[in-house]
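Here is a friendly walk through one chain, written to be read with the structure open beside you. Take it one element at a time, and turn the view as you go.

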Amino acid sequence: MKRLLFSALLAGSLLLPLAGTQAAEPAEYIMCSGDQAAEPAEYVMCGGDQLQLTVYNHPDLSSPATSTANPYIVRPDGRLSMPLIGDVDVTGKTVSQVQKEITERLSEYIVDPLVTINITKLGTTRVYVLGEVKRQGMYELEKSHNLLDALAKAEGFTEASAKKKVYVIRRGEQNAFTKVNINALFTKGDTSKNVVLHEGDCVYLTSNGKIIFQKDILPFLNAWYMGSEIRQNNKD
């Protein structure tokens, strides 16, 4: 019964038109005991995240307590730099995972380092949502950066969408795309289908008709990227 209710709520959040910006953030779950669906809500770090990073008894490695110049900001390439250990790649990782990695790498120089990380300001991930959605465009995702967030920003599916053939195209990776059956999330509660999105990724919803990726999707996608770059350059 819980799985059916969860599926119905998720489906309803995408099929109904959204009003205001608050309605576009359905992935912020309320944690409760035994609720497996709440697990994906753990924040995945991204470019622009500003961190309060503290290494106990090592102020030279910690974020300054009073200065507004915070040295620990995740760069657009998903990395942050730290003395002694150099660059740390946070792409696709949670705060606890990054904290563990930094602790392990610092242990080569410091005896039993105690590291804590708090995010003081969230970064945003810009993604494209195209195809059979109610409002195509580029959207900035905050707090969480996954497929459901992107679809909610685009106000959900159209009636012609094929929910078993949702494509996630990774920017900068030639021919790198993943086909996602979003129905499995709604009907089976399979949260693995709620994939994490990265800067510049594109979500493309196909129609119920037969789709050939190279012929029907790729030219349309390239046109959107080119148009977006032109608009951005004009703004600059």
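## Helix α2 and its surroundings

Helix α2 (residues 95–106) has twelve residues, which at 1.5 Å a residue should span 16 Å, and its end C-alpha atoms are indeed 16 Å apart, in agreement with that expectation. Keep in mind that this is a predicted model.

Which residues of α2 are buried? They are V95, V98, E101, I102 and L106. Looking down the axis of α2, you will find these buried residues within an arc of 130°, so they line one face of the helix. What they pack against is β1, β2, β3 and β4 (115–121).

One of the buried residues, E101, also takes part in a salt bridge: its side chain meets that of K93, at 2.7 Å from N to O. K93 has a relative accessible area of 22% and is partly exposed, because buried means under 20%.

## The chain as a whole

With α2 in view, it helps to step back. The chain holds five helices and nine strands. Starting at the N terminus, the elements follow the order α-β-β-β-α-β-β-β-α-β-β-α-β-α. Of the 236 residues in the chain, 39% are buried. The chain exposes about 13400 Å², and carbon and sulfur atoms supply 53% of that area. As for contacts between residues at least 6 apart in sequence, 58% of them join residues at least 24 apart.

## The β2–β3 hairpin

Strand β2 (residues 79–82) is a nice place to look at side-chain directions. In a regular strand the side chains alternate between the two faces of the sheet. Along β2, L80 and M82 point to one face and are buried, while R79 and S81 point to the other face and are not buried.

β2 pairs with strand β3 (residues 86–89) in the antiparallel sense, over four bridges. Within this pairing, S81 has D87 of β3 as its bridge partner. The two strands form a hairpin with three residues between them, and L84 takes a positive phi there, near 80°. L84 is a residue other than glycine, and at 47% relative accessibility it counts as partly exposed.

A second residue of this kind is N57, which lies in the loop between β1 and β2. N57 is likewise not a glycine, and its phi is positive, near 70°. Is N57 buried or exposed? At 61% relative accessibility, N57 counts as exposed.

## Salt bridges

How many salt bridges does a search of the whole structure find? The search finds eight, and the table shows some of them.

| Pair | Closest N to O |
|---|---|
| D87 and R75 | 3.1 Å |
| K93 and E101 | 2.7 Å |
| R170 and D201 | 2.4 Å |

Take the pair of D87 and R75, with its closest N and O atoms 3.1 Å apart. This pair links distant parts of the chain: D87 sits in strand β3 and R75 in the loop between β1 (50–55) and β2, twelve residues apart. D87 is partly exposed, with a relative accessible area of 35%, and R75 is also partly exposed, at 28%. Together with D77, these two residues are linked in a network of salt bridges.

The side chains of R170 and D201 meet in another salt bridge, at 2.4 Å from N to O. Here too the pair links distant parts of the chain: R170 is in the loop between β7 (161–169) and β8 (177–180), and D201 is in the loop between α4 (183–188) and β9, 31 residues apart. D201 counts as buried, at 2% relative accessibility.

## Strand β5 and its two partners

Finally, have a look at strand β5 (residues 125–131). This strand is mostly covered, with six of its seven residues buried. What does β5 pair with in the antiparallel sense? That partner is strand β6 (residues 137–141), and the pairing runs over five bridges. R126 stands opposite E140 in β6. β5 and β6 form a hairpin, with five residues between them.

β5 also pairs with strand β9 (residues 202–207), this time in the parallel sense and over four bridges. In this pairing, Y128 stands opposite C202 of β9.

Conventions
Residues numbered from 1 in each chain as written. Heavy atoms only, no water. Buried < 20%, exposed > 50% of the residue type's maximum accessible area, 1.4 Å probe, protein only. Pairing = 2+ DSSP bridges. Contact = heavy atoms within 4.5 Å. Areas by Shrake-Rupley, 256 points an atom, 1.4 Å probe, with all protein chains shown as cover. Salt bridge = Lys/Arg side-chain N within 4 Å of Asp/Glu carboxyl O. Expected span 1.5 Å × (residues − 1). Arc of directions from axis to C-beta.
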